Amino acid sequence: MKKLIDNVEDVVNDALEGFVWAFPEYLHRVPGTHVLVRKRPKADGKVGIVSGGGSGHEPAHGGYVGYGMLDAAVSGEIFTSPTPDQILEGMRAAHHGQGVLLVIKNYTGDVLNFEIAQDLASDEGIETARVIVNDDVAVEDSLYTTGRRGIAGTVFVHKIAGAIAESGASLPAVQNGAQMVIDNVRSMGFALAPCTVPQAGKPTFTLAETEMEMGIGIHGEPGTHRQDVKPAHELAEFLLEQIAQDLKLEGGSHVACLINGMGATPLIELAILAKNVGTWLTAKQIAHDVVWMGEYMTSLEMAGASLTLLRLNEELRKWLHAPCDTPALRQGVGYDY
Amino acid sequence: MTTEQFVQLWQCFGTVVRAHQEHLDDLDRAIGDGDHGTNLTRGLGKMQDLWKDPIDTERNLADLSKKVGMTLLSTVGGASGALWGSALVKAAPVLPSASACDDETLVLWIETFVSNIEERGKAQVGDKTMVDVMRPAVNWLKASTQEGSARLPVLRELARQWSEDTKDLQARRGRASYLGARSIGHVDPGSFSSALWWACVDRVLGG
């Protein structure tokens, strides 16, 4: 295993320290915790937003802490949900008198730990609400499974819920907005090469030189099936067909797109994927409004990508274009000079 | 069960899980994300640190159950930390605030603990989770009370077998459920660590 680390045990702690050192104008670490909060807290009287999950998804989640997005991000060990006491610390820090919304990705561990934290926060008198992101169409959604996973579409939830909260909306209004994103966002991804969790020291799965894994999540777990590597346009088409079918997209729809690298995919390859997404959307007469391309929700050094489409209505479009200023996403911020 | 036995039981679990850490990670790598052994080892290690100084050992079973639960809840992470931890906290009031309890209370404690795991995890037997070992083990324990501690070596073997039997199941809960039919053919790591716990129950309370 070759990794740019000091000690396997210290990976998460050291990375959090590095984030705070590199973005001092944005981030503050709650002492003795794995919680990153806004350096300049949100004004009192606004709803706080807390997200988080295992580490290894950088820039998620600490990279989205800042104006117009998250108030606090809670990091667990690599690919492991944070514990309830840590999430509670995040909720305390994010609470500015109007309650706290938890953004949870649909994994058993995350849901359990965030639910327990929510109970603890309620006991302290903090008003709480939660949404559960489940955008991954690779996974069958059925009553007999844990349901779909939450993957890169989560970043759209951060962005839009954050904008609504910043406007001074109530906790139910912020929750409804976040849920509206979840109802309209779908994603799917693939891996060309697996990743290695530092503590495990070996890859989470192995692929032959000509193989790829389709329908992967963001924790190095195997996907839905294995196949021979295909050209970018075939991959784009396959993923978009799955997503569009699930969203029931038709000609005339408006969408926002996220072309997300899994950690070790060069931008030139993401751009080729993006070009093919554009070609496909044009052919289907689906209009795109916002495109994000880059690393937004990674899986350590996995090679591969995911595509996310968010079906837009006027309201979602408005919040999507609202300003935000975080280490990983900055837009529409005005300056006085 | 005495407080000494309680501590021995969890010390045993910590030691046995550490010895099987790599195997648990390998099982998890096949159908999950490969950290089940690492996570449990980390949390149980923190728990063992609680008892480094024997003078500090609690003389109260209810407090011990809560203390172990809170430690696991805040150090293991993932689903297993939430399940083991919150179940131990919730089951703590069943134990007396005293240094020993009778067998009936012990079984009730385990039963409460397992019911909480089922509720929190919304899992039942056949879902390919730790419940596939925990639930039949509690039921078997309740159905064989007259045999006393002599029955524990038998239960230990049964638990190992119930874990092995998860191989043929398709996962319906937890991360392995995303694999659908591809989860068949692998032992569930949570069921394996649960069987290790029952081995410790036998080692400390059996015979």
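This report covers the interface, the empty spaces and the backbone of a predicted model with chains A and B.

## Where the chains meet

Start with the contact between the two chains. Chain A brings 38 residues into contact with 32 residues of chain B. Together the chains bury about 2,600 Å². Carbon and sulfur atoms give 51% of that area. The size of an interface is often given as the accessible area lost when the parts come together.

Charged and polar pairs also link the chains. Five salt bridges run between chain A and chain B. One joins Arg120(B) to Glu115(A), with 3.7 Å from N to O. Eleven residue pairs are in polar contact across the two chains, both residues at pLDDT 80 or more. On the chain A side, four elements give two or more residues each: β4 (72–78), α2 (84–94), α3 (108–123) and β9 (225–228). The largest share comes from α3(A), with seven residues. By class, this side of chain A has twelve nonpolar, 16 polar and ten charged residues.

## Salt bridges across the model

Now count over all chains. The structure holds 29 salt bridges. One of them lies between the side chains of Glu89(A) and Arg92(A), at 3.5 Å from N to O. Why are these two about one helical turn apart? Glu89(A) and Arg92(A) are separated by about one turn because they sit three residues apart in helix α2 of chain A.

## The largest pocket

Rolling a probe the size of a water molecule over the atoms shows where empty space is left. The largest pocket has a volume of about 630 Å³. Its lining has 30 residues. Nearest the centre of the pocket lie Val11(A), Ala15(A), Glu58(A), Ile78(A) and Leu300(A).

Which elements of chain A give two or more residues to this lining? They are α1 (11–22), β3 (48–55) and β4. Helix α1(A) gives the largest share, six residues. The pocket lining divides into 13 nonpolar, ten polar and seven charged residues.

## Two cavities

The structure also holds two cavities of 30 Å³ or more. The largest cavity has a volume of about 580 Å³. It is lined by 32 residues. Closest to its centre are Thr108(A), Ala79(B), Ser80(B), Gly174(B) and Arg175(B), so residues from both chains appear in that list. From chain A, α3 gives two or more residues to the lining. From chain B, the elements that do so are α2 (21–31), α3 (36–49), α5 (78–91), α6 (103–121) and α9 (189–205). The largest share, four residues, comes from α5(B). By class, the lining of the largest cavity has eleven nonpolar, 13 polar and eight charged residues.

The second largest cavity holds about 110 Å³ of space. Its lining has 15 residues. Closest to the centre of this cavity are Glu77(A), Ile78(A), Val197(A), Gln199(A) and Thr38(B). Ile78(A) is also listed among the residues nearest the centre of the largest pocket. Two or more lining residues come from each of α1 and β4 of chain A and α3 of chain B. The largest share is three residues, from α3(B). Seven nonpolar, five polar and three charged residues make up the lining of the second largest cavity.

## Backbone exceptions

Most residues other than glycine have a negative phi, and most peptide bonds are trans. Some spots in chain A go the other way. The peptide bond from Glu58(A) to Pro59(A) is cis, with omega near 15°. Glu58(A) is also one of the residues nearest the centre of the largest pocket. Another cis peptide bond joins Ala60(A) and His61(A), with omega about 5°. Where do Pro59(A) and His61(A) lie? Pro59(A) is in the loop between β3 and β4 of chain A. His61(A) is in the loop between β3 and β4 too.

Gln285(A) stands out by its phi, which is near 60°. That is a positive value in a residue other than glycine. Gln285(A) lies in the loop between α7 (267–283) and β11 (287–294) of chain A.

Note on methods:
Residues numbered from 1 in each chain as written. Chains lettered and ligands numbered in written order. Predicted model: local features only at pLDDT ≥ 70, side-chain atom pairs only at ≥ 80, totals over all residues. Heavy atoms only, no water. Contact = heavy atoms within 4.5 Å. Buried area = accessible area lost by both parts, 1.4 Å probe. Salt bridge = Lys/Arg side-chain N within 4 Å of Asp/Glu carboxyl O. Polar contact = N/O pair within 3.5 Å; in protein donor to acceptor, adjacent residues only side chain to side chain. Nonpolar A, V, L, I, M, F, W, Y, C, P; charged D, E, K, R; others polar. 1 Å grid on protein atoms, 1.4 Å probe; cavity = no way out; pocket = protein on both sides within 12 Å on 5 of 7 lines; lining within 4 Å. Points joined across faces, edges and corners; volume = space filled by probe spheres on them.
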